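Got a few minutes to look at a ligand and its surroundings? Have the sequence and the model side by side.

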Amino acid sequence: MTRFSPTTIISGGSRGLGLAIASRLLERGDRIATFSRSGSAALLDLASRHPGRVHHEHLDAADSAAVRRFVANTVEAFGRVDHCVANAAVAAEGVLATMADADIDAMLSVNLRGAIVLVRECVRQFLAQPRTLPDAAAGSVVVVSSVVAARGSPGLAVYAATKAGLEGFARCLAREVGTRGIRVNAVAPGFLSTELSATLSDADRERIVRRTPLGRLGATGDIVGAIDFLTSPGAAFVTGQTLTVDGGGAA
Ligand SMILES: NC(=O)c1ccc[n+]([C@@H]2O[C@H](COP(=O)([O-])OP(=O)(O)OC[C@H]3O[C@@H](n4cnc5c(N)ncnc54)[C@H](OP(=O)(O)O)[C@@H]3O)[C@@H](O)[C@H]2O)c1
């Protein structure tokens, strides 16, 4: 008997956390569809190691029509969509008083509207297709938030607003689609060593490590386990939750 191979959409799979999630879920047998504005050698390498199981498109998450086409193209390529991980985000750091409209718009349109549109397209597909997941679920959604949504951090007010918005979105949607067999959760990582956090000063890095009970900054590998779990039958009774993965909490 051939093993069921779920199709998982991950936005922003070219590097950082998205790439790490893609790699882990390919190892567990998923087919992966992902998009980003640019490609990367690492993603090409991953695709070459898993022939026929990676679909990648170049597009901007702020372009709703392109996101809609991407989900349709994924269904054309793989026949269905089983899980959706809304991961792509941008972070423009700076105090609110001097922040440009363009930076505010970019964060709202990519982190919040882009994620919402992607999830809407996936939910439509979950509702339209026959249920074939091992736990008879129609599909699952994970939105990638950040600890700053709940904890706050100077210079990240607008970014935090997008992440807090996503968490509220996930909680409400979980109630809306639960009876249709769709689970919706959020994962809130602490600071990770990726391009997104490259602007973190050495002093800030040291302060976070000092205040983290597990005594180090997180790595992408620390977060993928949570995503793997939330998109697995093991999480069949988990919905509407935010799972914080931050080494115990840097205050
Ligand atoms: N790094 C951290 O410390 C940290 C902490 C907490 C939460 N997070 C969250 O974790 C997630 C992943 O972050 P990361 O650190 O892996 O970031 P990253 O290294 O900057 O990667 C972001 C990914 O999203 C894509 N992306 C960004 N803007 C896009 C757009 N407009 N359209 C399409 N794709 C776009 C990027 O590709 P292109 O640039 O080529 O488009 C890239 O693939 C984000 O939701 C972030 O908020 C990160």
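Here are some short questions and answers on the ligand's site and one ring pair.

This is a predicted model, with local features needing pLDDT of at least 70, side-chain atom pairs counting only at pLDDT 80 or more, and totals for chains, interfaces and linings using all residues. Residues are numbered from 1 along each chain as its sequence is written, and side-chain values use heavy atoms, leaving out hydrogens and water.

Reader: Which polar side-chain atom lies 2.5 Å from an oxygen atom of the ligand?

Author: Polar contacts here are pairs of N or O atoms within 3.5 Å. Ser 38 uses a backbone N or O atom, 2.9 Å from a ligand oxygen, while the side chain of Asp 60 has an N or O atom 2.9 Å from a ligand nitrogen. The 2.5 Å pair with a ligand oxygen belongs to a polar side-chain atom of Tyr 159.

Reader: How much of the ligand's area does the protein bury?

Author: Accessible areas come from the Shrake-Rupley method with a 1.4 Å probe. Taken alone, the ligand exposes 880 Å². Of that, the protein buries 97%.

Reader: How is the aromatic pair arranged?

Author: Rings of Phe, Tyr and Trp (its six-membered ring) pair with centres within 6.5 Å; planes under 30 degrees apart are stacked, over 60 edge-to-face, the rest tilted. The whole structure has one such pair. Phe 35 and Phe 70 have ring centres 4.9 Å apart and planes at 75 degrees, so the pair is edge-to-face.

Note on methods: A polar contact is a pair of N or O atoms within 3.5 Å; within protein, one must be able to donate a hydrogen and the other to accept it, and residues adjacent in sequence count only if both atoms are side-chain atoms.
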